Amino acid sequence: TYFSTDMKDPNALGTILFDKVPTTDEKLPRAKNSEIYALINSDLDYARGILTYGKDRYYVDKGFVNALSARFNLYRGNYALAKQYAQDVISNAGLTLTPATPIQPAVDNPPAIGSSAWNTAFYATASSFNPYRNLWNDSARGEIIFSLNRLATGVGVSIGTYYNTNASNISGVNMWYWSENMMKLLYNSTDDVRKYAYIDPTTYTVKNTKTGQTYYQAGQYVIDKYPGKTAAATRNDVKLFRLSEMYFILAEAAVETGDLTGAANYIQQIRMARNYRGTATTPAYANATAAYADILKERRIELSLEGHRYIDLKRLAAKAGVTMDRDLNKDDLIPTTNLPNDSYKYTLPIPLAEISANPNIQQNPGY
């Protein structure tokens, strides 16, 4: 995914192919994608034949295998198989898209959305009243197909510490914030639970002294997608596969066959699941370019900070007629740059240590 210049080209170079334990003096060249894919498929086919769908998100089961197969085939351009395996997961994993409701706690006179009392109940790390928030604080499985378990104390990096040093609030010594354009996407999505589930409310704690209204602290949109769990701030399971991604794969596969209505319906199911009023607008795509652009936008919102965006831009930006769009004036990066769609930097370089040890390995173009 990261080292091949073109995942859809069977003759492009992939990685070194190892199907046995190598000797210490072997210096092998990179194999073609087709050779790597054949080995991957043999592993997946074997696993699929001996596993069943399970009921635990922490163990590899047939759901994990088919979700991986769906993503793998999407990346390599085999849309028929991508569709087959994504649909298999949706039909047989026993999961449904995690709903955005209830949006208020089940008490008399529930507090207004965004109020102090509502924030206390919604952002509770032990258990929120909201199912989608509970998916992220690890108190419920929700639509998760497979996660890497992170106990409150134990091995494994705390994924939240990639963004916040101590806690996912304005005082947590934040290292990274949501980008300006990502915030616009979240707040242009009316009645979207993700604008609350992904952003800590301390983002809005500054008040206008004249009007008393809260507002954004410029450039400090606090990431709260990995809030931690009880007694373990920022320490959350790493969600590798969720059901929403399977719907995105079906949508993309539909566009490839010219079924723009089908693609719109798959995207609509995601929008409805995340809208706590149940009134999301059904998209209508005039052409494939518009469909790809909307799929790319929806993936950006739903799968943010889950490791997809860089590869999604590499795969879809040109087809969608869009480019990387960091805000050159407001995003907290100095200097801020955007890669053009044809940039060689969408493929990573072979590390110098690897080249020094193995003169037969081939470097990627541009490096």
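These legends accompany several views of one predicted protein model.

**View 1. The whole protein, with its 12 helices and 6 strands.**
Welcome to the overall fold. Along the principal axes, the C-alpha atoms of the protein fill a box of roughly 70 × 50 × 45 Å. The radius of gyration is 22 Å, which agrees with the value near 21 Å that a compact globule of 367 residues would have. Of the contacts with a separation of 6 or more, 63% are made by residues 24 or more positions apart.

**View 2. The surface and the charges of the protein.**
About 17,600 Å² of the protein is exposed, and carbon and sulfur atoms supply 55% of that area. Buried residues, for their part, make up 47% of the 367 residues. Look also for the charged side chains: 38 are positive and 35 are negative. The centres of these two sets lie 3 Å apart.

**View 3. Helix 11 and the elements that cover its buried residues.**
Helix 11 runs over residues 309–320. Its 12 residues place the end C-alpha atoms only 14 Å apart, short of the 16 Å that a straight helix would reach at 1.5 Å a residue. The buried residues here are I311, D312, L313, K314, R315, L316, A317 and A320. Their cover includes helix 2 (62–76), helix 8 (243–256) and helix 10 (288–302). Just after the helix comes G321, which has a positive phi, near 70°.

**View 4. R315, a buried arginine in helix 11.**
Now zoom in on one residue of this helix. R315 has a relative accessibility of 11%, so it counts as buried, the cut-off being under 20%. Not counting residues up to four places away in sequence, R315 touches M7, L74, Y75, E252 and R299.

**View 5. F72 in helix 2 and its contacts.**
Helix 2 is one of the elements that cover the buried residues of helix 11, and F72 is found in helix 2. F72 is buried because its relative accessible area is 11%. Leaving aside neighbours within four places in sequence, F72 is in contact with Y37, I40, N41 and L44. For one of these partners, Y37, the C-alpha atom is 9.0 Å from that of F72, and the two residues are 35 apart in sequence.

**View 6. L97, a buried loop residue.**
This view moves to the loop between helix 3 (79–92) and helix 4 (116–122), where L97 lies. With a relative accessibility of 13%, L97 counts as buried. Beyond its neighbours within four places in sequence, L97 is in contact with E143, L243, S244, Y247, Q269, I270, A273 and R274. Take S244 as an example: it is 147 residues from L97 in sequence, yet the two C-alpha atoms are 6.6 Å apart in space.

**View 7. P359, in the segment after helix 12.**
Our last stop follows helix 12 (352–357), in the segment that holds P359. Is P359 buried or exposed? P359 is exposed, because its relative accessible area of 63% is over the 50% cut-off. Finally, find L28 in the view: P359 and L28 are 331 residues apart in sequence, while their C-alpha atoms are 8.8 Å apart in space.

Notes. Residues are numbered from 1 along each chain as its sequence is written. This is a predicted model: local features need pLDDT of at least 70, side-chain atom pairs count only at pLDDT 80 or more; totals for chains, interfaces and linings use all residues. Side-chain values use heavy atoms; hydrogens and water are left out. Helices (H or I, at least four residues) and strands (E, at least two) are DSSP runs, numbered from the N terminus. The radius of gyration is taken over C-alpha atoms; the globule rule is 2.2 Å times the number of residues to the power 0.38. Buried means under 20% relative accessible area, exposed over 50%, partly exposed in between (1.4 Å probe, protein chains only). Contact means heavy atoms within 4.5 Å. Accessible areas come from the Shrake-Rupley method with a 1.4 Å probe; for residues, only the protein chains shown count as cover. Lys and Arg count as positive and Asp and Glu as negative; His and the chain ends are not counted. The place of a charge is taken as NZ of Lys, CZ of Arg, CG of Asp or CD of Glu. The expected span of a helix is 1.5 Å times one less than its number of residues.
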